[in-house]
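Here is a friendly tour of a model for you to follow with the structure open beside the text. Please have a look at it before reading on.

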Amino acid sequence: MLTELKVAHCSDCGRIYQKNLRGLCHSCASESDRQLQAIDRFMVRYPTTDTETVAAHVGISPSRIRSWLRQGKLRNDSYPNLCDACDLCQTPIQAGHLCHDCSVRIQTDISRLLTQEQEDRERQRAAISYRFRA
Ligand SMILES: [Zn+2]
Ligand SMILES: [Zn+2]
């Protein structure tokens, strides 16, 4: 039987470790577990704490909390102020990658782009058939 040892760089500290599903070396994995537990304990006691405050309390950056929210490792269903931030304007959001305004704006941009493309194609087609006739 062939046993393959897969190694990777830990996505946190960059050390080489034996690859696992978490993408973290052993020490970073247990460290992040510890931090997650600390956040949980803090949030249970003070459910209205915001991202910045709890991050400062646990001693990590708010962006780490945001990425945990995004990965589903932290849940903010019962913690209204534990927020992720919009990718574009940094407005606090509860879920997803964009705030309402930005997602509406992007939808509009995309549909405008598609219309534009459609028009360009039609113009091209018209030009080609014109050349064909001539
Ligand atoms: Zn690590
Ligand atoms: Zn936004």
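R70, D84 and D87 are linked in a network of salt bridges, a salt bridge being a side-chain nitrogen of Lys or Arg within 4 Å of a carboxyl oxygen of Asp or Glu. By this rule the count comes to 9 salt bridges. This is a predicted model, in which local features need pLDDT of at least 70 and side-chain atom pairs count only at pLDDT 80 or more, while totals for chains, interfaces and linings use all residues. Residues are numbered from 1 along each chain as its sequence is written, chains are lettered from A and ligands numbered from 1 in the order in which they are written, and side-chain values use heavy atoms, with hydrogens and water left out.

Some of the salt bridges sit within helices; helices (H or I, at least four residues) and strands (E, at least two) are DSSP runs, numbered from the N terminus. Three such pairs are set out here.

| Pair | Helix | N to O distance |
|---|---|---|
| R34 and E31 | α1 | 3.0 Å |
| D109 and R112 | α4 | 3.6 Å |
| R123 and D120 | α4 | 3.4 Å |

R34 and E31 are 3 residues apart, about one turn of the helix, and D109 and R112 in α4 (residues 100-133) have that spacing too, 3 residues. How exposed are these side chains? Buried means under 20% relative accessible area, exposed over 50%, and partly exposed in between (1.4 Å probe, protein chains only). R34 is partly exposed at 46%, and E31 is partly exposed at 32%. In α4, D109 is partly exposed at 35%, whereas R112 counts as exposed at 54%. R123 is exposed at 52%, and its partner D120 is partly exposed at 33%.

Now for the interior. In soluble globular proteins, nonpolar side chains tend to be buried together. A nonpolar core here is a set of buried Ala, Val, Leu, Ile, Met, Phe, Trp, Tyr and Cys residues joined through side-chain atoms within 4.5 Å. The largest one has 15 residues, and those with the most contacts inside it are I39, M43, V54, I60, I65, L74 and L82. Helices α1, α2 and α3 each supply at least two residues of this core, with the largest share, 5 residues, coming from α1. With neighbours within four places in sequence left aside, I39 is in contact (heavy atoms within 4.5 Å) with V54, V58, I60, I65, W68 and L74.

Which residues of helix α3 are buried? In α3 (residues 62-71) they are I65, W68 and L69. They span an arc of only 100 degrees around the axis, so they lie on the same side of α3; the arc is that of the directions from the helix axis to the C-beta atoms. Their cover includes α1 (26-45), α2 (51-58) and β3 (84-85). Just after α3, G72 takes a positive phi of about 80 degrees.

A second, separate core of 7 residues includes A8, C25, C28 and A29. C25 is buried at 6% relative accessible area, as is C28 at 9%. Both cysteines also serve the zinc ion (ligand 1), which is coordinated by the SG atoms of C10, C13, C25 and C28 at 2.3 Å. Donors are N, O and S atoms within 2.8 Å of the metal (3.2 Å for Na, K and Ca); water is not among the atoms, so sites may look incomplete. Along the chain, the zinc donors follow the spacing C-x2-C-x11-C-x2-C. The 4 donor atoms subtend angles of 104 to 115 degrees, so the arrangement is tetrahedral (for four donors, all angles between 85 and 135 degrees).

Conventions. Tetrahedral: all angles 85-135°; square planar, octahedral: opposite > 155°, others 65-115°.
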